[in-house]
Amino acid sequence: MIKPIIYSVALGTIILSSGAIATPITNLTFTPESSHVLSDTGYIAASINTAALEQSIFNKINDYRASQGLTKLTRNSAIDNQARIHSQNMANGKVPFGHTGFSERVKAIGIPYSSAGENVAYNQGYSDPATTAVQGWLKSPGHLANIRGNFNKTGIGVASNSRGEIYFTQIFLR
């Protein structure tokens, strides 16, 4: 009798996309820049606390900005709301992963601005998904440009789906 051996491998995946817009309110043109990073890990999180992940990303981005001599960002609830809606829409498959509807999100925030940017990511299978997303963004020139950009306000939204994918949206405004 041959005994079957079953191997189980938990894979983590991170996908990133960034986009920036630096135009006046009246001229909203936007071309997203995408990048993709794939990694593996051996852990799958059972449940997530989206508020804690949002706060973690906010803290990590501001810590990075401070370490670079840049001013810290102020978190704004109206921006958070639009970022959460976008993350939820991506998680639910209502919109594709990326920046679809970015101009509309920025307008819906209702805050006057001179420039705006957005970083999005999703990952799955990481013990610390917020750190994974931020580390991926910091290694990507397009994402890093947004993180280091001349912005003063931000909002962060995190959502997950039944497949265990965690979606992140960070919107930057000046």
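Helices are DSSP runs of at least four residues, numbered from the N terminus, and in this predicted model the run designated H3, residues 102-109, is where Arg-105 is placed. The secondary structure of the protein chain as a whole comes to five helices and six strands, and their order along the sequence follows the pattern β-β-α-β-α-α-β-α-α-β-β.

Of the 174 residues in the protein chain, 47% are buried. The accessible surface of the chain comes to about 8800 Å², and carbon and sulfur atoms account for 53% of this surface. Among the contacts between residues at least 6 apart in sequence, 72% join residues that are at least 24 apart.

Within this arrangement, strand E4, which spans residues 116-124, is largely enclosed by the rest of the structure, because eight of its nine residues are buried. Strand E4 is joined by eight bridges to strand E6, residues 166-173, and the two strands run antiparallel. In this pairing, Glu-118 has Ile-171 of E6 as its bridge partner.

Both Glu-118 and Ile-171 are also found among the contacts of Arg-105, which, when neighbours within four places in sequence are left aside, further include Gln-82, His-86, Gly-98, His-99 and Thr-100. With His-86 the contact is polar, the two side chains meeting at 3.0 Å. The relative accessibility of Arg-105 is 7%, and this residue therefore counts as buried, the cut-off for that class being under 20%.

The largest nonpolar core contains 18 residues, of which Ile-57, Ile-61, Trp-137, Ile-147, Val-158 and Phe-168 touch the most other members. At least two residues of this core are supplied by each of helix H1 (50-67), helix H4 (129-138), strand E5 (153-160) and strand E6, and the greatest contribution, five residues, is that of H1. Separate from this core is a second one of ten residues, including Ala-83, Phe-102, Ile-109 and Tyr-113.

The surroundings of Ile-147 may be described in further detail. Apart from residues up to four places away in sequence, Ile-147 touches Ile-61, Tyr-64, Arg-65, Asn-119, Trp-137, Leu-138 and Phe-172. Two of these partners, Ile-61 and Trp-137, are themselves listed with Ile-147 among the core residues that touch the most other members.

Methods. Residues numbered from 1 in each chain as written. Predicted model: local features only at pLDDT ≥ 70, side-chain atom pairs only at ≥ 80, totals over all residues. Heavy atoms only, no water. Buried < 20%, exposed > 50% of the residue type's maximum accessible area, 1.4 Å probe, protein only. Pairing = 2+ DSSP bridges. Core = buried A, V, L, I, M, F, W, Y, C linked by side-chain atoms within 4.5 Å. Contact = heavy atoms within 4.5 Å. Areas by Shrake-Rupley, 256 points an atom, 1.4 Å probe, with all protein chains shown as cover. Polar contact = N/O pair within 3.5 Å; in protein donor to acceptor, adjacent residues only side chain to side chain.
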